[in-house]
Amino acid sequence: EPVNASSTCPTTQCVTGSSICIAGVSTLLCGVGLQCCMECDNTFTDSWFRSHRDNFCVGIGGSCQQESNYCAGSYEAGMCGGPAPRKCCTPRGTFSVPLPHFVVQTILLVVIILTNTLVIMVTILDKELHTIPNIGITSLAVADLLLAVAWFVIQLLVFTHSTTITNIDKNWRHVQDLAFVFEMSVILHILLITLDRYTAILHPLAHYKVFKTDTFSTWKIVAICVSVWTAAAFLAYTRRFSKEWTYCYMSVVMNMMRTILPLMVTAVLNIIIFLTIKNKTPPRVTMAAVDDSSSDQSNNNKTFVRNMKAFKTISLILISIMLSYVPLSLITMVSVCGAMPGLYERMSNYIVLLKFLNSITNPTIYMLTTRQFKHSVRTYLGQDRLSLQPADRNTNPDSEEVGQRQISLSSSSLGSSF
């Protein structure tokens with residue numbers, strides 16, 4: 001059957017099938033093993049986009065091209081400049097997880113599940129731990145647990161297939177979106193917990209009216225947690241439409257807004273809390289203080305100690321989060337701006353390890369610095385059961401003193417929430 005001349009590609013535009021057509025592949029026909037490239041016009045400057053908007057795609061080992069061209073892997077939208085059909089082709093083998101990294105991540109995942117589950121279960125069971133900071137840290141433990149599970153699924157797929165998860169199935173990108181949501185939730189939770197402590201110490205009356213009266217019910221706590229997760233979801237999904245993977249200034253703005261700015265605000269609030277606590281120096285209790293004022297002095301001392309312990313717990317968790325998430329933001333900004341090509345790909349496994357370590361460090365700090373939590377763990381593990389251990393096994397029933405030991409638990413062992 002003769003070929004219609006109108007469907008035949010000009011000879012000058014016919015190239016081999018493996019060639020990349022800058023303006024895309026046309027439907028016009030060429031000979032066997034050839035394809036027809038669309039003709040470039042004067043308005044399309046592929047070289048300019050390659051130098052100014054394609055840094056992140058090139059940095060992870062991909063190449064920006066019209067999606068009508070053949071791609072040995074899969075196309076990723078939003079990582080290339082130019083028109084919408086111009087996408088990042090990420091070939092198979094772009095990302096990989098070495099066996100030592102995968103083994104370490106598997107061990108860390110088990111520890112993450114154990115520690116965060118322990119924090120969640122003990123806090124739920126012990127009513128003494130039902131305070132705003134403890135509930136916030138428990139919600140943080142949920143975020144850490146889900147974050148670790150999501151990233152482990154991603155790493156397992158990358159380890160198995162030695163490529164990005166979208167090269168396996170495009171639907172797996174939703175798991176990565178959820179991982180970003182959990183990351184954002186971790187940052188917002190520590191900010192919320194710090195705001196609660198800030199209000200309690202600098203504005204105690206207002207804090208008491210909101211949190212210590214009958215007007216604050218369980219559903220309000222749930223509403224606050226849902227609001228935090230909703231805000232985390234929105235901020236995480238801005239990655240899909242903010243163009244931060246192609247515009248350097250946009251990458252800086254979004255990473256500052258999502259990660260660095262909230263953590264800096266949290267750090268400043270903690271400094272203010274520390275200075276406020278230090279300025280409220282507890283009065284010295286002397287042997288002469290035996291009047292009614294001694295009880296007030298004792299209460300002030302206990303409040304001072306509780307506030308310092310709460311500050312220590314939150315500050316340590318904040319430092320752990322900053323050490324894990326600030327480097328990620330800096331590496332992302334450097335990669336998008338093209339300062340160090342390939343940096344993001346080389347550091348990807350170490351970034352995940354930092355996230356896993358943070359998901360272990362957060363609950364561990366809480367468990368080690370919260371006296372009431374440690375007491376609850378000992379109670380539920382059965383270590384506070386009292387037993388009589390007679391010093392002299394005298395069987396004389398008339399003797400009431402032999403073989404008896406008086407054991408008591410002071411109320412001070414209960415401690416405070418921190």
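Is Cys80 buried or exposed? Cys80 is buried, because its relative accessible area is 9% and the buried class covers values under 20%. This is a predicted model.

**Overall make-up**

The protein has twelve helices and five strands. Of its 418 residues, 42% are buried. The accessible surface comes to about 22800 Å². Carbon and sulfur atoms hold 63% of that surface. Among contacts with a separation of 6 or more, 68% are between residues 24 or more positions apart.

**Disulfides**

A disulfide is a covalent bond between the sulfur atoms of two cysteines. The whole structure contains seven disulfides. Three of them are described here.

| Disulfide | S to S | Torsion about S-S | Handedness |
|---|---|---|---|
| Cys9 and Cys36 | 2.0 Å | about 70° | right-handed |
| Cys57 and Cys88 | 2.0 Å | 85° | right-handed |
| Cys64 and Cys80 | 2.0 Å | -85° | left-handed |

Take Cys64 and Cys80, which form a left-handed link. The pair connects distant parts of the chain, 16 residues apart. Cys64 sits in strand 3 (residues 63-66). Cys80 sits in the loop between strand 4 (74-76) and strand 5. Cys64 is buried as well, because its relative accessible area of 12% falls under 20%.

Next come Cys57 and Cys88, joined by a disulfide. Cys57 belongs to helix 2 (residues 55-59) and Cys88 to strand 5 (residues 86-90), so this pair ties together parts that are 31 residues apart in sequence. Both Cys57 and Cys88 are buried.

Cys9 and Cys36 are also linked by a disulfide. The torsion about their S-S bond is about 70°, so the disulfide is right-handed. Cys9 lies in the segment before strand 1 (14-16), while Cys36 lies in strand 2 (residues 34-36), so the pair ties together parts that are 27 residues apart in sequence. Cys9 is buried, and Cys36 is too.

**Helix 11 against helix 12**

How do helix 11 and helix 12 cross, and at what angle? The axes of helix 11 (residues 343-369) and helix 12 (residues 371-380) come within 5 Å and cross at roughly 85°. Helix 11 is therefore roughly perpendicular to helix 12, since angles of 65 to 115 degrees fall in that class. By class, their contact has four nonpolar, one polar and two charged residues. Helix 11 contributes Tyr366, Met367, Leu368 and Thr369. Helix 12 contributes Arg371, Phe373 and Lys374.

Methods
Residues numbered from 1 in each chain as written. Predicted model: local features only at pLDDT ≥ 70, side-chain atom pairs only at ≥ 80, totals over all residues. Heavy atoms only, no water. Axes fitted to C-alpha atoms, helices over the stretch in contact; angles between N-to-C directions. Helix = DSSP H or I, 4+ residues; strand = E, 2+ residues; numbered from the N terminus. Parallel < 35°, antiparallel > 145°, perpendicular 65-115°, else oblique. Contact = heavy atoms within 4.5 Å. Nonpolar A, V, L, I, M, F, W, Y, C, P; charged D, E, K, R; others polar. Buried < 20%, exposed > 50% of the residue type's maximum accessible area, 1.4 Å probe, protein only. Areas by Shrake-Rupley, 256 points an atom, 1.4 Å probe, with all protein chains shown as cover. Disulfide = S-S within 2.5 Å.
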